[in-house]
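Trainee: Hi, could we go through this one together?
Mentor: Sure, let's open it up.
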Amino acid sequence: HISLMWAVHCNPDKLIIFSSFLLVFILCVFLMQEESLISTDEEGNILPNLLQSEANATELAEKIRILCLVMTHPNNHKTKAYQVYKTWGRRCNYVEFLTTEADPEIPTIVSPTKEDYNQIWGKTKFGFKTAYEKYYDKVDWVMKADDDTYVIVENLRYLLSSYNHSDPIWFGCEFKVIVKDGYMSGGAGYVLSKEALKRFHNTALNNASLCHVGDNSDGGAEDAEMGKCLM
């Protein structure tokens with residue numbers, strides 16, 4: 001009988017009104033909880049511990065300089081890439097979008113490769129080559145991510161603060177397949193230290209027996225190919 005009453009008295013208009021009310025209610029509860037997480041004194045002033053956290057994040061941003069290299073393509077410029085640029089991308093010291101067409105609304109590194117999934121390795125090689133040539137003296141770490149990735153850059157800096165960028169370091173989610181010593185998942189994103197970037201540019205890209213380079217070498221799985229180059 002209850003289900004029958006609901007069917008009789010609940011029409012689409014009422015359902016929309018009820019759903020809208022419920023959504024607004026949930027949003028209000030969420031915002032109230034979020035506000036309650038901010039530590040303030042009786043006069044509403046933000047407490048020193050929160051201010052100290054922000055100061056620490058600012059200090060790390062100055063000490064641990066990161067270039068965020070974001071893989072995208074022209075069809076995603078106005079959607080995914082732009083949202084990255086307006087959100088977490090702004091927390092990087094520098095951000096570049098690796099694509100095949102320039103766009104005035106986002107900073108881009110324009111690869112000469114074809115815009116094809118099977119050409120992503122060529123696109124990646126060009127991106128890291130450009131990163132070395134343009135940013136080597138400006139950054140300590142280079143992170144490669146996709147345009148559907150979300151990164152909490154402050155947490156990344158905190159992780160990197162325990163390591164020396166002068167060491168050849170490669171961070172990521174490691175897969176133990178395809179490549180003998182494993183490789184870092186491209187979808188999850190990975191980070192190269194300044195020294196790792198230097199060795200990739202100066203050694204790997206000049207060694208066809210180590211790295212998939214040269215004519216007709218743009219194909220292959222980007223992350224696995226990077227793993228071979230950094231062995």
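Trainee: How much area does the chain expose, and what share do carbon and sulfur atoms supply?
Mentor: The chain exposes about 14200 Å², and carbon and sulfur atoms supply 57% of that area. Areas come from the Shrake-Rupley method with a 1.4 Å probe, and for residues only the protein chains shown count as cover. Keep in mind that this is a predicted model: local features need pLDDT of at least 70, side-chain atom pairs count only at pLDDT 80 or more, and totals for chains, interfaces and linings use all residues. Residues are numbered from 1 along each chain as its sequence is written, and side-chain values use heavy atoms, with hydrogens and water left out.
Trainee: What percentage of the residues count as buried?
Mentor: 36% of the 231 residues, where buried means under 20% relative accessible area, exposed over 50% and partly exposed in between (1.4 Å probe, protein chains only).
Trainee: And how many helices and strands are there?
Mentor: Eight helices and eight strands. Those are DSSP runs numbered from the N terminus: H or I with at least four residues for helices, E with at least two for strands.
Trainee: New topic: how many aromatic pairs does the structure hold?
Mentor: Eight. Rings of Phe, Tyr and Trp (its six-membered ring) pair if their centres lie within 6.5 Å; planes under 30 degrees apart are stacked, over 60 edge-to-face, and the rest tilted. Tyrosine 85 and phenylalanine 97 are edge-to-face because their planes are at 80°, with the ring centres 6.2 Å apart.
Trainee: Where do those two lie?
Mentor: Tyrosine 85 is in helix α4 (residues 77–86) and phenylalanine 97 in strand β2 (residues 94–99), so the pair ties together parts 12 residues apart in sequence. Another edge-to-face pair is phenylalanine 128 with phenylalanine 200, at 5.9 Å centre to centre and 70° between the planes. That pair links helix α5 to helix α7 (residues 194–202), 72 residues apart.
Trainee: Is phenylalanine 200 buried or exposed?
Mentor: Buried, because its relative accessibility is 0%.
Trainee: What about lysine 125, buried or exposed?
Mentor: Lysine 125 counts as buried because its relative accessibility is 9%. Its place is in helix α5 (residues 120–135).
Trainee: Which residues does lysine 125 touch?
Mentor: Leaving out residues up to four places away in sequence, lysine 125 touches Phe200, Leu205, His212, Val213, Ser217 and Asp218; contact means heavy atoms within 4.5 Å. A polar atom of the lysine 125 side chain also lies 3.0 Å from the backbone oxygen of histidine 212.

Note on methods:
Polar contact = N/O pair within 3.5 Å; in protein donor to acceptor, adjacent residues only side chain to side chain.
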